[in-house]
Amino acid sequence: WKRVPVSLELRLAEGAPGAGLVPATVYGQGKKVYLHPEAPISNRDIARVEATKARIGKGLILQVWLTKAGAARIKQVTGRHIGDSLAVLIDSVVVSVPMIRQAIGGDPKLPNAIGVPLEPKEAQQLAAAIAKTWPTR
């Protein structure tokens, strides 16, 4: 988790294999998911990221501000896929796969919170790499 720049992607994920889906294992869980090959959100869509320690449980909460185009895209994608899963990939590793409960994003002025369950040392390393990738202004 020391790699800079950090690569962050959001991809739709399925629980079963299918045509064109890419198998991946969720870090620290051993659970297998099947990713759609295209990433609706990646670094090109991210304006800023801040990492803070999770208040409950372990790991980090990433506050992610998207560009105007990224915010519009994630709102559209999540709005069409309520009930499906959205994989969070950091440096091509699936770190969490939350269920989409509602359309998210839409306002580039507001951050989107993403939970990343990591052990304390890993969380510190990732937070430092994120700070180098997206330095605060």
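In the predicted model, helix α2 comprises 14 residues, 120-133, and spans 20 Å between its first and last C-alpha, close to the 20 Å expected at 1.5 Å a residue. The residues of α2 that are buried are Glu122, Ala123, Leu126, Ala129, Ile130 and Thr133. Viewed down the helix axis, these buried residues of α2 lie within an arc of 130°, and they therefore line one face of the helix. The face turned away from this buried side bears the exposed residues Pro120, Lys121, Gln124 and Lys132. Cover for the buried residues of α2 is provided by elements including β4 (46-53), β5 (60-66), β6 and β8 (112-116).

Of the strands that cover α2, β5 is described here together with its pairing partners β4 and β8. Strand β5 is mostly covered, with five of its seven residues buried. Seven bridges link β4 and β5 in the antiparallel sense. These two strands, β4 and β5, form a hairpin in which six residues lie between them. In the turn of this hairpin, glycine 57 adopts a positive phi of about 80°. One of the paired positions is threonine 52, whose bridge partner in β5 is isoleucine 61. Strand β5 also pairs with β8, again in the antiparallel sense, over five bridges. Here isoleucine 61 stands opposite glycine 115 of β8. Isoleucine 61 is thus placed between two partners, threonine 52 and glycine 115.

Strand β6, which also helps to cover the buried residues of α2, belongs to an open sheet of five strands. The strand order in this sheet is β2-β3-β1-β6-β7, and the pairing is antiparallel. Strands β2 (22-25) and β7 (93-96) occupy the edges; each has a single partner strand, so one side of each is left without a neighbour in the sheet. From one strand to the next, the twist averages 50°.

Within this sheet, β1 (residues 8-14) and β6 (residues 85-90) run antiparallel and are joined by six bridges. Among the paired positions, alanine 13 has serine 85 of β6 as its bridge partner. In the order of the sheet, β6 stands between β1 and β7, while β6 is also among the elements that cover the buried residues of α2.

How values were computed
Residues numbered from 1 in each chain as written. Predicted model: local features only at pLDDT ≥ 70, side-chain atom pairs only at ≥ 80, totals over all residues. Heavy atoms only, no water. Pairing = 2+ DSSP bridges. Helix = DSSP H or I, 4+ residues; strand = E, 2+ residues; numbered from the N terminus. Axes fitted to C-alpha atoms, helices over the stretch in contact; angles between N-to-C directions. Expected span 1.5 Å × (residues − 1). Buried < 20%, exposed > 50% of the residue type's maximum accessible area, 1.4 Å probe, protein only. Arc of directions from axis to C-beta. Contact = heavy atoms within 4.5 Å.
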